[in-house]
Amino acid sequence: MSPDRAATRNGNRGGTQLGVDDAIGRIGRRARVYVAQGSATPFGLLAAIDAAHDRFEHIEFVSAFLLDRPSPLDHLGNPFRWTSLQPSGAVRDVGDNPNFSVVPARYSDITGLVGPGGGLESDVLVCQASPPDADGRMSLGTGVGGHVELLRSASLVIAQVNPQMPYVCGEGECHRTDFDVLVDIDEPLAELAPAVVDETAEAIAAHVGQFIGDGTTLQFGIGSIPDAVLSSLTDRRHLGLHGGMINDACIDLIDSGAVDNRHKGPLGDGASVAAEVMGTRRLYDWVDRNPAVQLVNGTLSHGIEGIAQVRNFVALQSTVQMALDGSANSEMIGGRYISGPGGAPDFAFGACVATGGRAIVAMPSTAAGGRISRIVAHLEHGAPVTLPSYVADIVVTEFGAVELRGRSLAERAELLISIAHPDFRDALIEERLR
């Protein structure tokens, strides 16, 4: 989106510069507040709201994935509630608090959920933004996908203007008049450290690589496996990136010349497309005004309509458990939610409709130091089915890769057992025969 187009999105909210206390005073005593996710979360502003908790009667915060723990979690029920669309380790300590709740949501649904008429329609948006230039142009920076449309629809939009926030190109480009209130808070962005790539991740990446040829457009998630895969692709050519995030591993891949986005996606300009940027300060400096990266609304990055326009789309996901029918649970362990659906179902379904699309689930064969098999006869009792069996395609562990699409249930079971850890294969065969 061009700055000129962005500047006319809302008319004129005012873009009033206020101190923190005066800005917080604009929030009603009762409100639902959407909090920008990932590295774009305005932790300084949230800390100020928490410090002023006595002035509020009932505030419900809504957020997607969080990299760090926000201060209002210290006052749940007094007067705060927190609703998570994708819980992370940052909120795990309050998982049993009655004033903390989980609403499972696909990433592509966030815009509709928190927008007008949605089940979590939000009155207030709190986010971060880059400082305005001389013409008032700004950027939502490293997070766009979950909240960019709230610039238009929320009754109150407060931006934490942070000089450490890069100006990132795409739909997050905006103007100071797209905000009601601007608050200057200088703080480091939350960072996502590169994952430690071990021998297991490297072995899995080697198996995944056979499905990523020249001209592939790749989507990937967080963790050592996608980092290992991206690091192994620098000899490819004409790759594209279209997915949920851009991370540190993308820098070397793009700079190597492997990514040139010859197969253009829904933006039509050949840029790498994502909803968020999450990584280290090196990455945040690299994306600053870098036209090679374009951040977009989650309905475009994750939605079927956007993915369907991408040729040779390969979705690379992981999971907690995979049953022998190919269904997967990516949200729960031991009866506790550790995550949400996020982009996993979006990209698995998207790969089904994209021309030449493939969906890969890549995971270590075991968890808990080798004590638990990730390939199981049946998903954990009560666990959600994040990915149904009918979207199962390619599954990879360190012991190999199997293709489940078009295979019978009996054939799928045999194939999955063949890439389970050898210590668990006999038990899986016995459970299957019961």
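1. Cys-250. Cys-250 is buried, with a relative accessible area of 0%. Keep in mind that this is a predicted model. A disulfide here needs two cysteine sulfur atoms within 2.5 Å. By that rule the count is 0 disulfides. Cys-250 takes part in none, as the nearest cysteine sulfur, that of Cys-169, is 16 Å away.

2. Cys-174. Why is Cys-174 without a bond to Cys-127? The sulfur of Cys-127 is the closest cysteine sulfur to that of Cys-174, yet the two are 7.8 Å apart, which is too far for a bond. Such a bond is covalent and runs between the sulfur atoms of two cysteines. Cys-174 is also buried, at 0% relative accessibility.

3. The open sheet. The model has an open sheet of 8 strands with parallel pairing. Its strand order is 1-10-8-6-2-3-4-5. Which strands form the edges? They are strand 1 (16-17) and strand 5, each of which pairs on one side only.

4. One strand pair within the sheet. Strand 2 covers residues 30-35 and strand 6 covers residues 124-129. The two pair in the parallel sense over 3 bridges. To find the pairing on screen, start at Tyr-34, whose bridge partner in strand 6 is Leu-125.

5. The largest pocket: size and centre. The largest pocket has a volume of about 1,200 Å³. Its lining counts 46 residues. Those closest to the centre are Gln-86, Ile-222, Ser-318, Ser-330 and Ser-339.

6. The largest pocket: what lines it. Several elements give two or more residues to this lining: helix 7 (224-231), strand 17 (313-317), strand 20 (332-333), helix 12 (344-353) and strand 24 (372-373). Which element gives the most? Helix 7 does, with 3 residues. By residue type, the lining of the largest pocket divides into 22 nonpolar, 20 polar and 4 charged.

7. The second largest pocket. This pocket has a volume of about 190 Å³. Its lining consists of Pro-87, Ser-88, Val-91, Arg-92, Gly-95, Asp-96, Phe-100, Val-102, Gly-335, Arg-336 and Tyr-337. Strand 5 (100-102) supplies at least two of these residues, and so does strand 21 (336-337). Strand 5 is also an edge strand of the open sheet. The lining of the second largest pocket splits into 5 nonpolar, 3 polar and 3 charged residues.

8. Cavities. How many cavities of 30 Å³ or more does the structure hold? There are 2. The largest cavity has a volume of about 100 Å³. Of the 16 residues in its lining, Val-361, Leu-387, Val-391, Ala-392 and Asp-393 are the closest to its centre.

9. The lining of the largest cavity. Strand 17, strand 22 (358-362) and strand 26 (394-397) each supply at least two residues. Strand 22 has the largest share, with 3 residues. Strand 17 is worth a second look: it also gives two or more residues to the lining of the largest pocket. The residues that line the largest cavity comprise 13 nonpolar, 2 polar and 1 charged.

10. A cis peptide bond. Most residues other than glycine have a negative phi, and most peptide bonds are trans. The bond that joins Asn-78 and Pro-79 is cis, with omega at about 10 degrees. Where is Pro-79? Pro-79 sits in the loop between strand 3 (58-63) and strand 4 (80-84).

11. His-238. His-238 is not a glycine, but its phi is positive, at about 65 degrees. The residue lies in the loop between helix 7 and strand 12 (240-241). Is His-238 buried or partly exposed? His-238 counts as partly exposed, because its relative accessibility is 25%. The helix before this loop, helix 7, is the one that gives the most to the lining of the largest pocket.

12. Asn-312. Asn-312 is another residue other than glycine with a positive phi, near 55 degrees. Asn-312 is found in the loop between helix 11 (304-307) and strand 17. With a relative accessible area of 29%, Asn-312 is partly exposed. On the strand side of this loop, strand 17 contributes to the linings of the largest pocket and the largest cavity.

Conventions: Residues are numbered from 1 along each chain as its sequence is written. This is a predicted model: local features need pLDDT of at least 70, side-chain atom pairs count only at pLDDT 80 or more; totals for chains, interfaces and linings use all residues. Side-chain values use heavy atoms; hydrogens and water are left out. Buried means under 20% relative accessible area, exposed over 50%, partly exposed in between (1.4 Å probe, protein chains only). On a 1 Å grid over the protein atoms alone, a cavity is a set of points where a 1.4 Å probe fits but cannot get out, and a pocket is an open set with protein on both sides within 12 Å along at least five of seven lines; lining residues have an atom within 4 Å of a point. Grid points are joined across faces, edges and corners, and a volume is the space filled by probe spheres set on the points. Helices (H or I, at least four residues) and strands (E, at least two) are DSSP runs, numbered from the N terminus. Ala, Val, Leu, Ile, Met, Phe, Trp, Tyr, Cys and Pro count as nonpolar, Asp, Glu, Lys and Arg as charged, and the others, Gly among them, as polar. Two strands pair if DSSP finds at least two bridges between them.
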